Amino acid sequence: MLIDFMLASRYSKSSSSSVYIKEEILFMGYCSWLLLPCFIWSSLILGSHQLQPSQTQVLLQLRKHLEYPNQLEIWKDHSVDFCFISSTAQVNVTCQDNFVTELRIRGDKPAKIDNFVGFVIPNQTLSENFSMDSFVVTLARLTSLRVLSLVSLGIWGPLPDKIHRLSSLEYLDLSSNYLSGSVPPKISTMVKLQTLILDDNFFNDTVPNWFASLSNLTILRMRNNQLKGPFPTSLQRVTTLTDVVLSSNEISGNLPSLDSLSNLHLLDLSGNNLDSNLPSMPKGLVSISLSNNSFSGEIPHPYGQLSQLQHLDMSFNKLSGRPPATIFSLPNISFLNLTSNMLSGSLPDHLSCGRKLQFVDISNNSFTGGLPQCLRLESDDRVVKFGGNCLSIDLHHQRTESSCMAMPVKEKQSGVKNIGRLVGVTIGILMVLVLLAFGFLVLCRRYCPRGTSEQHLLHKAVQENSATGLSSEILTNARFISQAAKLGSQGLPMCRSFTLREIKAATRNFDQSTILGEGSYGKLYKGRLEDGTQVAIRCLSSSNKYTIRNLKLRLDLLAKLRHPHLVCLLGHCIDSGGQDDYKVNRIFLVFEYISNGNFRTRLYEDNSGKLLNWSERLTVLIGVAKAVHFLHTGVIPGFFNNQLKTNNILLNEYGIAKLSDYGSSIISEELANSGEGGEGFKSRQMTRLEDDVYSFGFILLESLVGPSVSGRRDKLLLDELASLNSPDGHRKLVNPIVLATCFQESLSTVISITNKCICSESWSRPSFEDILWNLQYAAQIQATADGTKT
């Protein structure tokens, strides 16, 4: 239109010269052809950075996780072009090839407290609805992310191992938040990582010692945490390091030689509990901060050869002897702090000071003699502090020379002799105690044969029952129950012992009308306790090889398995049949009663509109996956072969899924023996396949296609499943309710993990951590899609 207007104007003004007009038209035509490629090229360049929808969705989900901070107000919806938002000091998003490669967010919630115990702090941390685990699951969908910086955002809780899924990361900064617990060991697999910054958090476990695998790491900063234990010796093998900052922690013990770190420029270990002699240092160091520790011995003379050194702070230690004169005259030294040690002797009169030296503090030591001339010349360019010594000058509160004299050698030798006597007496007492203990054991073996026999039978029974994999030490030691078990038990009633009379009263003497069903482990009764509580009671037959004592240890271990998605074990009853106090006839397990049916019936029966849609099915699957993951990791060794079936997944009145019939294999051997003498090789092959992951894969499949299809576990079904990823496969196999209520990417994620679970090669199946991660991602995608629809 612009070209046409210009032509019309020129034509009206100069109609007398047709040749001239023709030339003008020809010229403008050439211009239009030249401009056209420019427009096409510019549109391609602009379009090349348009984010993929899934990446945009992840960024919006992250904003939701971070509870809509002011810094992300511009992140409104899918219409925002994240790649072209102007970068600020608070937020920066960089894209390449339609993917986010850099994400930096700086909030306004820095850690302002001295101690954090893991609970929400109003106006400082994110709310109790925040889940660090879900947050990292969402982050991990940014598969091309190379730079991640999330500073002062109020993020709280343990940093999950899932952080290693960000395998492309080269820069990770999570400083000034409320992260606690241990630094995840899986970070050691992030081999591209060059910068790791975790400053100003509340990590309070042992200092990690797995850095050797991070061969590209250059900057390591974990300042101002509560990390304990020895200095990580694995750092000696990371020769790429330039900065190591571990100050203000509780690191203790020996500091090893750091000579191998030839690229190291900055070392800050101040404010710890290191108590060794000073080690040798690499010659390229520019700054050394070792203050506020307990280093002892003399300052090594090679420190006077660190020609690049500008900053040296060794204050508030227990260093002794005379410091090397050469550290004062280093060519680049500008800051030297030796205050509050036990340095002694006289400094040379001819001491030379480096021309760049601006600050020197040798106060509160035991120096004697005169003050060298170069330290007396205090000026605007150089500050010198030397008070609290025994120098022969009348300045800066010097002490008397006698107070700086060394302790006589004779007195030290006397102290050594006293220590020797104390050690000898201690060893003598220990030997007497050992002899007494040995005598006591001999008497016990002689006069207490029954107790010893019980321990032997316990050990023997556990050895013979290899299916459980439990040793007597594990059965008797509650330490093997994880912290997750303790958290899972909050708000749940304690497990107790029931009498056989109580069991009979609850089931009306095992009336036929109270039977709910019968499975591989025995009959299940519905009962009512004296206080009116409805319960489900499982009757198990026990192996004769278990004594009551052995069985109680197993039941106690089972009782410790508490989780919101496990049916709660309320108690147990051991029936000896009234014959032998050391023989077991029957075992009754008393569980909470779940009244709202099982998962299987909600997949294909339309009971007054109660058929579960796709989002509801995902919620159930995630709950069960969490429960099984807990059974695998919440106790050592884990509980496996947990009878995973859709009819063992119960739903309470709030729709919360609870897994039943878990862990019973440590009491009943019916399942372990059911395959013997049966179908030969085929039976043994299926036993190998029927692990929890494989079984859960068919629960996933049943959620997708329905019980009638998933019940076929033949090769034909597996061939059909291969077509599930295609639209035709969806229409042919997937349940219509699922198709009508799912978002395509959410469905595809679950189909993918299902195929991996039911793979015939057990070694290629995913872990439950992987399963849970994929299900949570599928649920997040579905929730976002459901939100946009409304």
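Helix α16 spans residues 692-705, and its 14 residues extend 20 Å from the first C-alpha to the last, close to the 20 Å expected at 1.5 Å a residue. The model in which this helix appears is a predicted one. Helix α16 is mostly covered, since 14 of its 14 residues are buried. Just after the helix comes G706, whose phi is positive at about 100°.

The sign of that angle leads to two further backbone positions. Most residues other than glycine have a negative phi. Against that background, E67 has a positive phi of about 60° although it is not a glycine. E67 is placed in a loop, with α3 (53-65) on one side and β1 (91-96) on the other. Its relative accessibility is 28%, so E67 counts as partly exposed, because that class lies between the 20% limit for buried and the 50% limit for exposed.

The second position is N292, which is likewise not a glycine and has a positive phi near 55°. N292 belongs to the loop that connects β15 (287-289) with β16 (296-297). With a relative accessibility of 43%, N292 also falls between the two limits and therefore counts as partly exposed.

From these loops the description turns to a sheet. Strands of a sheet pair through backbone hydrogen bonds, either parallel or antiparallel. Here, 3 strands form an open sheet in the order β10-β12-β14, and their pairing is parallel. The edges are formed by β10 (228-230) and β14 (273-274), each of which pairs on one side only. Strand β12, comprising residues 250-253, is joined to β10 in the parallel sense over 3 bridges. At the level of individual residues, K228 has E250 in β12 as its bridge partner.

A final site concerns a helical residue and its surroundings. S134 is located in helix α4, which covers residues 132-139. At 17% relative accessibility, S134 counts as buried, because the value is under the 20% limit for that class. When residues up to four places away in sequence are not counted, S134 touches H65, Q776 and Q780. One of these contacts, H65, is a residue of α3 (53-65), the helix that precedes the loop holding E67.

Taken together, the accessibility classes set S134, which is buried, beside E67 and N292, which are partly exposed. In helix α16, 14 of 14 residues are buried, and the positive phi of G706 follows just after that helix.

Conventions. Residues numbered from 1 in each chain as written. Predicted model: local features only at pLDDT ≥ 70, side-chain atom pairs only at ≥ 80, totals over all residues. Heavy atoms only, no water. Helix = DSSP H or I, 4+ residues; strand = E, 2+ residues; numbered from the N terminus. Buried < 20%, exposed > 50% of the residue type's maximum accessible area, 1.4 Å probe, protein only. Expected span 1.5 Å × (residues − 1). Pairing = 2+ DSSP bridges. Contact = heavy atoms within 4.5 Å.
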